[in-house]
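Work through the exercises below with the sequence and the structure side by side. Each task is followed by a solution in steps.

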Amino acid sequence: MTISERIFELLNDSGMTQKEFSDATGIPQSTISDWRKKNTNPASDKIMIICHTLQVTPTYLLSGVEPDGGRSREVDYLVIDKNSRDGILLEHYHDLSIGEQERLLGYAQAMAEMKVDR
């Protein structure tokens with residue numbers, strides 16, 4: 001099975017339309033239609049957003065196999081638009097030294113714990 005065939009199978013299984021998939025990924029509907037009509041696969045820079053949207057791992061999308069032999073829907077990574085608030089924060093975080101990153105993580109953890117205690 002090709003990557004695009006796996007995508008269409010996942011769309012069918014989830015009940016998601018091509019338009020909904022296009023809206024969620026930012027991939028034009030015409031491109032998605034071309035995958036089916038021309039039997040082509042998505043560009044590599046789209047794989048992570050596709051996996052995020054369909055809630056599958058890149059391993060499953062690319063090969064159809066998970067380490068346990070099944071099809072996992074648990075995702076342990078984030079896809080972040082670098083122009084979003086989260087993306088901008090992450091860019092700034094990466095500009096910090098390791099020590100500064102550790103202090104920032106400690107501060108964020110303390111803030112989260114204070115919120116839970118309220």
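Contact here means heavy atoms within 4.5 Å. The model is a predicted one.

**Exercise 1. Ser 22**

Task: Find the helix that holds Ser 22, decide whether Ser 22 is buried or exposed, and list what Ser 22 touches.

Solution.
Step 1. Ser 22 is found in helix H2.
Step 2. The relative accessibility of Ser 22 is 9%. Buried means under 20%. Ser 22 therefore counts as buried.
Step 3. Leave out residues up to four places away in sequence; Ser 22 then touches Ile 27, Pro 28, Gln 29 and Ile 32.

**Exercise 2. The overall fold**

Task: State how many helices and strands the protein chain has, and what share of its residues is buried.

Solution.
Step 1. There are seven helices and zero strands. From the N terminus on, the order reads α-α-α-α-α-α-α.
Step 2. The chain has 118 residues, and 24% of them count as buried.
Step 3. Turn to contacts between residues at least 6 apart in sequence: 46% of these join residues at least 24 apart.

**Exercise 3. H2 against H3**

Task: Describe how H2 and H3 pack, and name the residues that meet.

Solution.
Step 1. Two packed helices are described by the angle between their axes and the distance between the axes.
Step 2. H2 spans residues 18–25 and H3 spans residues 29–37. Their axes are 9 Å apart, at an angle of about 125°.
Step 3. That angle makes H2 oblique to H3. The crossing of H2 past H3 is right-handed.
Step 4. From H2 come Gln 18, Lys 19, Phe 21 and Ser 22; from H3 come Gln 29, Ile 32, Ser 33 and Trp 35.
Step 5. Sorted by class, this H2 to H3 contact has three nonpolar, four polar and one charged residues.

**Exercise 4. H1 against H3**

Task: Carry out the analysis for H1 and H3, starting from the axes.

Solution.
Step 1. H1 covers residues 3–14. The axes of H1 and H3 come within 9 Å and cross at roughly 115°.
Step 2. Angles of 65 to 115 degrees count as roughly perpendicular. H1 is therefore roughly perpendicular to H3.
Step 3. H1 passes H3 with left-handed crossing geometry.
Step 4. H1 contributes Ser 4, Ile 7 and Phe 8, while H3 contributes Ile 32, Trp 35 and Arg 36.
Step 5. The contact of H1 with H3 has four nonpolar, one polar and one charged residues.

**Exercise 5. H2 against H4**

Task: Give the angle and axis distance for H2 and H4, then the class make-up of their contact.

Solution.
Step 1. The angle is about 120°, and the axes of H2 and H4 lie 10 Å apart.
Step 2. H2 and H4 are therefore oblique to each other. H2 passes H4 in a right-handed crossing.
Step 3. Phe 21, Ala 24 and Thr 25 are the H2 residues; Ile 49, Ile 50, Thr 53 and Leu 54 are their partners in H4.
Step 4. In the contact of H2 with H4, five residues are nonpolar, two are polar and none is charged.

**Exercise 6. Ile 50 and the buried side of H4**

Task: Place Ile 50 in its helix, list its contacts, and explain where the buried residues of H4 sit.

Solution.
Step 1. Ile 50 lies in H4, residues 47–54. Ile 50 is buried, at a relative accessible area of 0%.
Step 2. Beyond residues up to four places away in sequence, Ile 50 touches Ile 7, Phe 21, Thr 25, Ile 27, Trp 35, Pro 42 and Leu 61.
Step 3. Take Thr 25: Ile 50 and Thr 25 are 25 residues apart in sequence, yet 6.5 Å apart in space, C-alpha to C-alpha.
Step 4. The buried residues in H4 are Ile 47, Ile 50, Cys 51, Thr 53 and Leu 54. These residues cover an arc of only 165° around the axis, so they lie on the same side of H4.
Step 5. An α-helix has 3.6 residues a turn, so residues three or four places apart point the same way.
Step 6. The cover over the buried residues of H4 includes H1, H2, H3 and H5, the last being 58–63.

**Exercise 7. Positive phi in the loops**

Task: Locate Asn 39 and Gln 55, and give phi for Asn 39 and for Gln 55.

Solution.
Step 1. Asn 39 sits in the loop between H3 and H4. Its phi is near 55°, positive in a residue other than glycine.
Step 2. Gln 55 follows H4, in the loop between H4 and H5. Phi of Gln 55 is positive too, near 60°.
Step 3. Gln 55 has a relative accessible area of 47%, so Gln 55 is partly exposed.

Key:
Residues are numbered from 1 along each chain as its sequence is written. This is a predicted model: local features need pLDDT of at least 70, side-chain atom pairs count only at pLDDT 80 or more; totals for chains, interfaces and linings use all residues. Side-chain values use heavy atoms; hydrogens and water are left out. Axes are lines fitted to C-alpha atoms, for helices over the stretch in contact, and angles run from 0 to 180 degrees between N-to-C directions. Helices (H or I, at least four residues) and strands (E, at least two) are DSSP runs, numbered from the N terminus. Angles under 35 degrees count as roughly parallel, over 145 as roughly antiparallel, 65 to 115 as roughly perpendicular and the rest as oblique. A crossing is left-handed if the near helix is turned anticlockwise from the far one by less than a right angle, and right-handed if clockwise. Ala, Val, Leu, Ile, Met, Phe, Trp, Tyr, Cys and Pro count as nonpolar, Asp, Glu, Lys and Arg as charged, and the others, Gly among them, as polar. Buried means under 20% relative accessible area, exposed over 50%, partly exposed in between (1.4 Å probe, protein chains only). The arc is that of the directions from the helix axis to the C-beta atoms.
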